[in-house]
Structure formats: structure tokens, C-alpha cells
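Please walk me through this structure, beginning with how its chains meet and ending with single side chains.

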Amino acid sequence: MKLGYGPAALAVGTMLVTGLFTGSALAVDLAIVSGAVGDDIKMLRSNLDRYEKETGNTVKIVEMPQSTTDQFGQYRLWLSAGNADIDVYRTDVIWAPQLANHLLDLTEAAKDVAGAHFPSIIESQTVDGKLVAIPMFTDAPALYYRKDLLEKYGAEPPKTWEELTATAQMVQDKEREAGNGDFHGFVFQGAAYEGLTCDALEWVKSHGGGQIVEADGTISINNPDAIKAINTAKSWIGTISPEGVLGYKEEDARGVWQTGSAAFMRNWPYAYSLSNSDDSAVKGKFDVAPLPSGGDGSAATLGGWNLAVSKYSKHPDEAIGLALFLASEESQKRRATELSRLPTIEALYDDPDVAAAQPIIPSWKEIFLNAVPRPSAPTKKDYNEVSKEFWTAVHDSLSGNGDTEANFKKLEAKLKRLKGSGWE
Amino acid sequence: MNILKSIGFYALVIIIVVVSVFPFYYAILTSFKSGTAIFQVDYWPKYFSWENYRLVMTQGSFPLNILNSLFVSSVVVVISLFLAITASFALARVRFRGRKLLLLTILSVSMFPQIAVLAGLFEMIRALGIYNTLWSLVLAYMIFTLPFTVWVLTTFMRDLPVELEEAAIVDGANSWAIVTRVFMPLMWPALVTTGLLAFIAAWNEFLFALTFVSNNDTRTVPVAIALLSGASEQEIPWGPIMAASVIVTVPLIVLVLIFQRKIVAGLTAGGVKG
Amino acid sequence: MAASDTATAARSRRSNLKAERIRSSWIFLAPMLLVLAFVAGWPLLKTIWFGFTDASLDALSSADFIGFNNYLEWVDYGDGDGEWYGLLADPDWWQAVYNTVFFSLVSVFFETIFGTIVALVLHAEFKGRGFVRAAVLIPWAIPTIVSAKMWAWMMNDQFGILNDLFLHIGVISQPIAWTASADTAMIAVLIVDIWKTTPFMALLILAGLQMIPQDIYEAAKIDGINPVKVFFRVTLPLIKPALAVAVIFRALDALRVFDLIYVLTPNNSQTKTMSVFAQENLFQFDKFAYGSAASTLLFLVIGVITIVYLKIARVDLEGGR
């Protein structure tokens with residue numbers, strides 16, 4: 001009874017169902033909820049079509065806005081309300097500890113396939129010995145750059161943030177002189193949401209400023225390197241980056257990039273295939289590189305999405321089957337070749353089809369294997385708030401609402417207060 | 001001097017009209033653009049494509065969301081009016097101890113911050129097992145439609161002449177008969193106005209709808225619009241969002257324009273006469 | 001003899017009638033009161049109760065009473081050092097209080113001024129008045145979420161018409177990120193709110209204007225008093241009661257603002273109001289009890305203002321009879 005129109009509708013619904021499915025009594029209706037960027041939903045639908053054909057079950061997609069922060073708020077609410085209308089959730093890599101209580105243990109069901117995935121990812125989705133979600137794809141961002149423009153103006157892809165700042169400024173100036181008034185040097189995700197935590201973690205980590213909260217639970221964010229990192233980013237706003245970048249999420253940044261209005265972009269691999277699509281203004285004109293270093297090496301935030309099964313699902317067995325299906329090698333391969341989504345199954349990095357379709361993928365294995373995790377493991381249930389405090393402090397600093405030193409001092413105090421006698 | 005004055009006056013009038021109407025006009029303009037035309041700023045209509053409307057009405061569950069909103073708002077209004085009409089008779093026409101306190105309570109409830117009951121309501125809805133059904137919204141919306149309708153109907157009923165009632169009392173009619181036979185026929189205009197205002201309030205509600213229902217299929221229109229995400233390659237699907245906005249707003253505007261005078265009377269009864 | 005009999009009989013019949021009326025009025029009131037108690041009274045009490053517990057979203061039923069700790073608590077670190085915790089010591093909460101009060105004051109201030117201007121215009125007699133009144137009602141009729149989306153689109157930093165317009169007339173030299181930047185986020189929210197609710201103010205003030213007898217103006221006209229003076233000396237004092245009520249109504253509405261900010265400037269610390277703060281703690285963080293405490297405080301604030309309003313505006317609860 002999903003519509004809630006009352007007993008009459010229920011009666012009609014039951015009649016319909018019994019009428020339709022007397023032949024295949026086993027077929028069930030499932031629902032999967034998923035946020036999306038780019039063509040994610042289209043791909044999900046096409047994989048679901050295959051699933052439906054194979055099993056006879058039907059699956060409905062519940063769509064969500066692209067902000068991962070909004071998604072999380074809703075999912076937590078539904079799960080704590082014991083919502084039985086959603087069977088499978090697409091979950092961010094950082095959510096496992098916070099949602100674990102409401103998710104089914106997939107250890108037993110996935111015991112034959114779990115070994116094929118990277119152990120570190122399986123580990124990140126294991127809470128108290130329970131595998132709460134099965135990996136769907138992983139993510140590690142890249143620096144997208146316009147190789148045509150760099151060649152034109154005789155520049156190299158930047159290795160450090162300083163080089164990026166200088167090159168972006170130079171290209172932007174030259175392009176604007178050439179009459180391209182809306183051209184920007186660098187776009188990234190600067191809106192106040194989880195995405196900013198990812199971007200800022202990369203700046204901080206690559207400057208040697210730590211990981212906000214270290215693996216042992218120490219709060220490390222208030223240090224000179226971290227402050228320097230944020231101040232570097234602050235210098236971009238209004239110079240090489242439009243002021244509006246403070247409201248950009250992944251798709252906003254890609255919008256500017258893909259219309260050919262930016263020299264550099266920080267984004268996830270999904271943007272690779274889209275930027276190479278036929279209606280893209282930058283098709284064939286760009287390449288990707290590891291994110292620049294701030295003096296302590298390049299850092300990429302570990303992302304990635306997984307499939308979790310709700311404890312409140314009315315059809316747990318079918319739902320688990322669906323999750324495994326969408327995480328299977330074949331589904332991952334399709335996602336990799338068509339959407340340039342990084343597989344979590346190690347073997348696919350050596351697959352010739354994948355390499356032919358998306359040359360970025362094999363070379364990306366190293367980068368994501370060394371990616372920096374967000375501090376969701378040490379901060380446990382408090383991660384969401386830690387992240388909010390962090391992105392708020394960064395957003396305030398970037399938008400000129402107090403200086404970074406003061407904001408990070410405040411941030412440190414808040415995190416200490418949150419931690420209390422220990423993270424729980 | 002006089003000409004200058006009237007030029008100034010009409011300039012003011014034009015500013016007021018333009019500021020009031022322009023955002024909606026621009027939304028309509030945007031909703032008829034498709035593809036990349038949407039990213040060009042235009043002040044006058046240049047494009048005319050139904051594409052966004054087609055998208056909104058065929059892809060996803062927007063038509064269902066409209067039905068949901070219609071269902072919830074109508075049920076809420078009917079129940080509220082039904083409960084309010086007898087209650088307002090008692091409050092407006094009968095003197096009894098505690099009446100003042102009651103009116104005070106009702107007025108305060110109508111000013112409740114919705115967030116104050118959100119936690120408690122959430123627990124209750126979960127316990128009743130109506131989470132993610134439209135009934136949860138019907139229940140929750142009572143909190144603002146009921147006090148509002150009682151209050152406005154009480155002010156309306158107070159203004160009806162005493163003689164009507166006295167004649168009925170002399171005829172030996174009891175209170176029920178007085179309400180149904182004497183007042184009801186006179187109250188129709190007030191009921192329509194109050195109902196319309198309550199309907200608009202329920203139609204526009206966001207916080208409860210965001211919290212108590214979850215599926216595409218159970219969402220109401222405001223939540224659907226707020227969460228409308230593109231299953232397309234575009235970034236934020238501004239075109240479909242504007243089309244959806246126009247679809248849900250046009251009926252409201254038509255209703256408001258038709259019932260203009262009555263609505264003004266209703267609003268002022270809720271406020272000024274208090 | 002006969003006459004007095006009739007009188008007594010009539011009196012007793014009347015008091016019977018009165019008793020019947022009072023009895024039936026309670027029956028009339030009962031369903032409404034029951035529903036209100038169920039949807040407003042009980043949830044409110046529950047919210048207040050949760051504010052005194054350690055409830056979390058996952059464990060509502062096993063909440064334990066912890067007194068005022070969500071409001072204020074001294075946490076001793078055991079080494080002679082310690083810190084105040086709780087809502088009253090939380091800078092984020094006070095920022096939200098400040099944002100809410102600032103938003104309410106500024107929006108109501110401008111709405112009153114613009115509302116008065118619009119009401120005066122609508123009160124004047126001119127050709128096309130009906131049309132203008134209809135036009136003015138449009139912002140009021142548009143759902144808040146829709147207005148937020150419409151304006152978000154107009155304020156878009158890359159493709160928004162507002163930047164285009166301002167660039168053309170030279171008010172700004174480069175595009176402004178209205179909803180994202182710290183300096184303008186609150187301004188953006190205020191613009192939309194003022195645009196949306198000025199019609200409501202105008203209507204209430206217009207109603208006040210229409211109650212002023214025309215001959216007062218006639219007298220002023222004959223005496224040749226300057227219209228501006230007439231407004232401040234005559235009109236304003238006369239519409240003051242209507243104005244006061246309208247202001248308080250709007251202020252109470254502004255203090256609980258949620259949807260506009262949630263949609264237009266999500267997660268922005270510059271525009272986070274008390275309602276948004278409470279919602280965020282209730283459902284996005286693992287702090288259901290803390291959010292309940294915040295909701296309770298907001299309720300108290302609005303409750304106090306309501307009582308003050310009832311005193312100031314001397315609401316006529318007896319209906320003048």
C-alpha cells in the first residue's frame with residue numbers, strides 16, 4: 001500500500017495483483033532509492049531492465065536530489081521510521097557506520113563474490129563484523145584540464161596548486177582577452193555540503209595538514225598547513241574561479257566545464273565519459289591528471305557508492321539478490337565502459353574492453369588505491385556533524401566570513417566539544 | 001504640477017505591477033524554452049516549446065504528486081470545516097465559562113511553530129503505522145487548518161444578527177437545528193472562503209510533507225518540486241522545474257483572482273478583526 | 001396571577017434553554033478539541049519531553065530523562081578543567097537565533113513600508129485598480145517553494161536574469177553569486193520573503209484604510225493640508241491598530257521560517273534559522289533530543305511574543321457582545 005488512498009485502493013490493488021500474477025506467484029515489486037549525477041539513473045534503469053527480465057520481479061527507482069547531504073538526511077529519517085517501502089538504498093562510502101543498525105547483514109549472501117572486490121572497500125562497508133553494503137563503484141577525483149588550451153598557450157599540466165593557480169590565471173586572462181568573457185580558470189565543488197568536505201580534505205591533506213580527524217581519533221585540523229591550504233583556495237574565489245563556485249556541486253561545475261568555459265575542473269571520473277559525449281564542447285580537447293600537490297604529494301578523497309538492503313524490506317531475499325546483481329561484474333563493467341565509473345572488482349582493471357572504452361580507468365587504479373578516506377571510521381556516528389562543521393568553516397573562510405585562522409580555531413573547539421570524552 | 005503628480009503615481013503603479021508579476025512571467029518564459037536556449041537570458045518570449053511540460057507530465061510521478069496534493073488538501077479542508085462549523089457556533093453564539101481561554105488556546109495553536117510538534121508528531125505517526133501514507137499528512141495538517149477555520153468562522157458567525165436565532169428559539173429549535181437550518185445557509189460564502197484559504201495553506205505546506213512521506217509516489221507537489229532532480233544530462237533541470245511550478249501555480253492564481261474579494265475578507269477576519 | 005405564571009414559566013423555559021445551549025455547545029466543541037489535543041497538544045508535550053531526554057532517532061522509545069542537560073550542562077574534564085555544554089552555550093544556536101531575529105526584523109520592516117505604499121495606491125481611485133489589485137495578489141498565491149525555486153533561477157550566478165539586468169544598468173560590475181556568497185545569502189532570502197509577503201501586509205493595511213470615514217479626508221482637503229501631512233497626522237494614527245496586528249502576524253510567521261531557507265540557501269550558516277537548526281539536529285545529526293530542546297525554545301519564544309501581542313492588540317475575545 002504505497003499510495004495511502006485507503007482500504008478501497010488496497011482492495012483494488014489486491015485484485016489487480018492476484019489477477020496479474022497468478023501465473024508467477026514469486027514475482028515481487030521492489031524499490032531502490034538512488035541519488036544521481038550525470039547518466040547514473042539511465043544506467044541504473046538499463047541494468048534494472050536486465051534484472052527484471054531475468055527474474056520477473058519489477059523494480060521502481062525512487063529519485064533523489066544530487067546533494068549527498070540531502071540524501072543522507074532523508075535516508076536516515078526513513079530508516080528510523082522503519083519505512084518498508086524502500087528495499088535497496090544506494091549508499092555513500094561514508095554512511096556505513098551511521099546506518100548500520102537498519103541494514104541487513106550481507107556477509108552470508110555475498111560470501112562467494114566479496115573476494116573479487118578490493119578488500120579495503122569491503123572493509124569500509126563492514127561494521128562490527130557485518131557487511132552492511134556491497135560496493136557498486138568506487139570514486140577518486142581527478143584534475144580535468146584543457147589540453148588544447150594548455151598547448152595553445154604553452155603550459156604544462158600543473159603538478160602543484162601554485163602552478164595550477166598561475167596557469168589558470170594565465171589561460172583565463174588570455175581567453176578573456178580573446179573575447180571569451182565568461183571563461184574561468186578553475187571550477188570545483190564549493191557549495192556548503194559533503195562535496196566541499198571532499199574538495200577541502202584534498203587541499204588540506206596535500207599540504208600536509210592531516211585528515212581533519214586522524215585514524216586514532218585525534219583532532220588535527222587546526223594547523224598552519226591546513227590553514228595555508230584553505231587560504232590558497234580562498235585566493236581563487238573571484239580570481240580564477242567564479243564567485244558562484246561557492247554554490248557549485250558536481251553538476252554545476254561540470255556544466256561550466258562542459259560548455260568549454262573553464263580551463264581546469266576538479267571532478268569525479270563520471271565526468272570523463274560525459275565530457276567526451278557528442279554534444280560536449282570539450283570533446284577530445286581535454287585530459288585528466290592527478291590532483292596537484294601542496295608540497296606533501298597529491299591527495300584524492302576516496303568516494304564511491306554501495307548498495308545496502310533495508311532491514312524493513314518486505315522481500316529481503318529478493319532485495320539482496322537485486323543488490324548483488326547491481327554489484328556484479330557485468331553490471332560494473334557496463335558502468336565502467338559507458339559511464340567511466342571505477343569498478344570495485346579488481347579484475348575489471350585488466351579487462352581489455354574497459355581499457356578500450358575508457359582509457360582513464362586502468363591508469364586510475366593506483367590513484368584510488370592511495371586515496372584518502374574521510375574521517376568516517378574514527379568519528380563513527382558523529383561523522384555527519386564533523387563533516388558539517390568542517391565544510392561550514394571552510395565555506396565561511398572561502399566566502400570571506402571571518403578569516404581561516406579564526407574559523408579553524410572555532411572549528412577545533414567545536415570538534416572537541418563534539419568528541420567529548422571520545423567518539424561514539 | 002497635477003500632471004507630474006499623476007505621472008509619478010502611475011509610475012509607482014507600474015513598478016508595483018512589474019515587480020509583482022515579473023518573476024512569474026519569467027518562470028513561464030523559462031518553462032517554454034528547451035535545450036540550451038534556457039541558458040540565454042531573454043526578457044521577451046522568443047521560444048515556444050511544450051517539451052518541459054511533456055517531460056514533467058510523462059516522466060516521473062509528477063501527475064501523481066498533483067493528485068496527492070489534491071487529495072490531502074481536500075480531505076483536510078472537509079474535515080476541518082466539518083469540525084469547525086459546530087465549534088464556531090458554540091464559540092460565537094453561546095456564552096459559557098472558559099470560552100475566553102478556549103479562544104486564546106485556539107489562537108495560540110494557529111501560531112504554533114510547526115517544528116515544535118515535529119518530533120512528537122513523528123513518533124506518533126510512526127506508532128500509528130501511517131508513516132509514508134497520505135493519512136499522515138491529513139493528520140498533521142489539522143494542526144494549522146483547524147484552528148484557522150475555527151477562528152475565521154467564529155468571527156464570521158459573530159457578525160450575523162441575533163434576531164435570526166431568536167426567532168428560531170421561539171419556534172423551539174434546539175442548537176443543532178439552529179446551526180444546520182439557520183446558520184448553514186447563511187454561512188456558505190464564509191465556508192467557501194475559509195475552505196479556500198485552508199486549501200491553499202495545505203497545498204503549500206512543506207516541512208511535514210518533507211518529513212512524513214518518502215516515495216516519489218506519496219510526495220506532495222511542493223516536495224516534488226523541491227526534490228525534482230534531472231534524470232537527464234543537464235545539471236539542475238531548470239526547465240522542468242519551472243514547468244512544474246507553472247502547473248501548480250496557475251490554478252491557485254485563477255482561484256485567488258476569482259475569489260479576490262472574499263479572500264481579502266477572510267484574511268482580514270483572521271487578522272485585523274481578531 | 002396568570003400573567004406572573006406565564007412569566008415564571010417563560011423564565012424557567014429560558015433557563016432550561018440556556019442550559020441546553022451550554023450543554024450542546026460542549027458537545028459541539030468536543031470533536032474539535034479532541035482533534036486539536038491529539039495533533040497539537042500531545043505532540044507538543046512529547047517534543048518538550050524529548051528535550052529533557054537523551055533520545056536518538058534510532059531509539060525513541062528507550063529515551064532516558066537527563067534533566068536540563070540538553071539546555072545547559074557543565075562537563076567536568078576531571079582535571080579541574082571543564083566546559084559548558086548544551087543549547088544555551090552553543091554558538092551555532094545563538095547564530096541561528098541572531099539570524100532568525102535579524103531576518104524577522106528586516107523583512108517585517110520592509111514589508112510594512114512597502115505594504116503601506118501598496119495599500120495607499122490600492123486605496124486611491126484610478127483606472128485599472130482592479131487589475132493592479134489582482135497583480136499584487138499573485139506573489140501571495142504562489143507557493144513558497146515555487147517562489148524559492150523561481151528566484152533561485154533568477155539569481156543563478158551564470159544564467160540568472162538578475163545579474164544580467166544589474167550588469168546592464170551598471171549596478172554591479174561582475175556577476176554576484178546571490179545565494180552562495182556569505183554577504184548576499186541573507187539579502188537573497190530577504191528579497192524573496194519581502195516580495196512574497198508584502199501583498200499580505202498590503203491587504204491587511206488596506207482593510208484598515210477602508211474603515212476610515214471619508215469625511216475626515218474631505219475636511220483635510222478643504223483645509224488645504226499637504227497630503228503627506230495628512231498621511232502622518234490623520235491616516236497613520238487611524239490605521240495603527242490594523243498595522244500593529246499585521247506586523248505581529250507577520251513577525252510570528254517570520255520567526256518560524258523554514259521552507260524558503262531550506263530550498264533557497266541550504267546549509268548556509270549565514271541564513272540558518274532556529275527552525276532549520278532544529279530540523280537539522282532532529283533528522284540529519286544523531287541529536288534528536290537536542291533538536292527537540294531547540295524546538296521547545298523556539299516554541300517558548302513564539303509563545304511569549306503571542307502573549308505580548310494579545311495584550312498589546314487587546315484582541316476582542318468576547319466579540320463585543
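The paragraphs below take up the chains, their interfaces and then a few individual residues.

What is shown here is a predicted model, and the description that follows should be read with that in mind. Chain B is a convenient place to begin, since its make-up can be put simply: the chain has 12 helices and zero strands, so that from the N terminus on its elements are written α-α-α-α-α-α-α-α-α-α-α-α. Taken along the principal axes, its C-alpha atoms fill a box of roughly 75 × 70 × 30 Å. Of the 274 residues in chain B, 61% are buried, and among the contacts in this chain with a separation of 6 or more, 73% are between residues 24 or more positions apart.

Chain C carries annotations that can be set beside its geometry. An unreviewed UniProt entry places the feature "transmembrane region" at residues 26–45, 101–122, 134–154, 185–209, 230–252 and 288–312 of chain C. Two of these spans can be examined in the model: residues 134–154 of chain C are 90% helix and 0% strand, with end C-alpha atoms that lie 23 Å apart, while residues 230–252 of chain C are 100% helix and 0% strand, with end C-alpha atoms 31 Å apart. The UniProt record, again an unreviewed entry, also gives the annotation "domain: ABC transmembrane type-1" for residues 97–309 of chain C. Over residues 97–309 of chain C, the model is 78% helix and 0% strand, and the end C-alpha atoms are 20 Å apart.

The contact between chain C and chain B takes 94 residues from chain C and 104 residues from chain B. Together the two chains bury about 9000 Å², and 77% of that area is on carbon and sulfur atoms. Across this interface there is one salt bridge, which joins B:Glu123 to C:Lys46, with the closest N and O atoms 3.5 Å apart. Polar contacts add to the picture, with seven residue pairs found across the interface of chain C and chain B, both residues of each pair being at pLDDT 80 or more. On the side of chain C that touches chain B, helix H1 (residues 2–50) of chain C gives the most, with 23 residues. By class, that side of chain C has 70 nonpolar, 12 polar and 12 charged residues.

The contact between chain C and chain A can be described in the same terms. Here 30 residues of chain C are in contact with 35 residues of chain A, and the two chains bury about 2600 Å² between them, with 44% of it on carbon and sulfur atoms. The count of salt bridges between chain C and chain A is four, and one of them pairs A:Lys388 with C:Glu280, the closest N and O atoms being 3.6 Å apart. There are also nine residue pairs in polar contact between chain C and chain A, both residues at pLDDT 80 or more. The elements that give two or more residues to the side of chain C that touches chain A are strand E2 (82–85), helix H2 (91–123) and helix H10 (274–284) of chain C, and the largest share, four residues, comes from H10(C). By class, this side of chain C has 12 nonpolar, 10 polar and eight charged residues.

Over all chains the count comes to 36 salt bridges, and some of these lie within a single chain. In chain A, A:Lys111 forms a salt bridge with A:Glu108, with the closest N and O atoms 3.1 Å apart, and both A:Lys111 and A:Glu108 are exposed. A:Arg146 forms a salt bridge with A:Asp148 at 3.0 Å between the closest N and O atoms; A:Arg146 is buried, with a relative accessible area of 6%, whereas A:Asp148 is partly exposed, with a relative accessible area of 26%.

In chain B, the side chains of B:Arg54 and B:Glu51 meet in a salt bridge of 3.0 Å, N to O. Both residues lie in helix H2 (residues 51–58) of chain B, three residues apart, about one turn of the helix. B:Arg54 is partly exposed at 46% relative accessible area, and B:Glu51 is partly exposed at 32%. Elsewhere, salt bridges that share partners join A:Lys388, A:Glu389, A:Lys414, C:Asp92, C:Lys272 and C:Glu280 into one network.

What, finally, does the side chain of C:Thr184 lie 2.8 Å from? A polar atom of that side chain lies 2.8 Å from the backbone oxygen of C:Trp178. C:Thr184 is in helix H6 (residues 182–210) of chain C, and because its relative accessibility is 10%, C:Thr184 counts as buried. Not counting residues up to four places away in sequence, C:Thr184 touches C:Ile176, C:Ala177 and C:Trp178.

Note on methods. Residues are numbered from 1 along each chain as its sequence is written. Chains are lettered from A and ligands numbered from 1 in the order in which they are written. Side-chain values use heavy atoms; hydrogens and water are left out. Contact means heavy atoms within 4.5 Å. Buried area is the accessible area (1.4 Å probe) that two parts lose on being put together, summed over both. A polar contact is a pair of N or O atoms within 3.5 Å; within protein, one must be able to donate a hydrogen and the other to accept it, and residues adjacent in sequence count only if both atoms are side-chain atoms. Ala, Val, Leu, Ile, Met, Phe, Trp, Tyr, Cys and Pro count as nonpolar, Asp, Glu, Lys and Arg as charged, and the others, Gly among them, as polar. UniProt positions are given in the numbering used here, feature names are shortened, and annotations may be inferred rather than shown by experiment. Buried means under 20% relative accessible area, exposed over 50%, partly exposed in between (1.4 Å probe, protein chains only).
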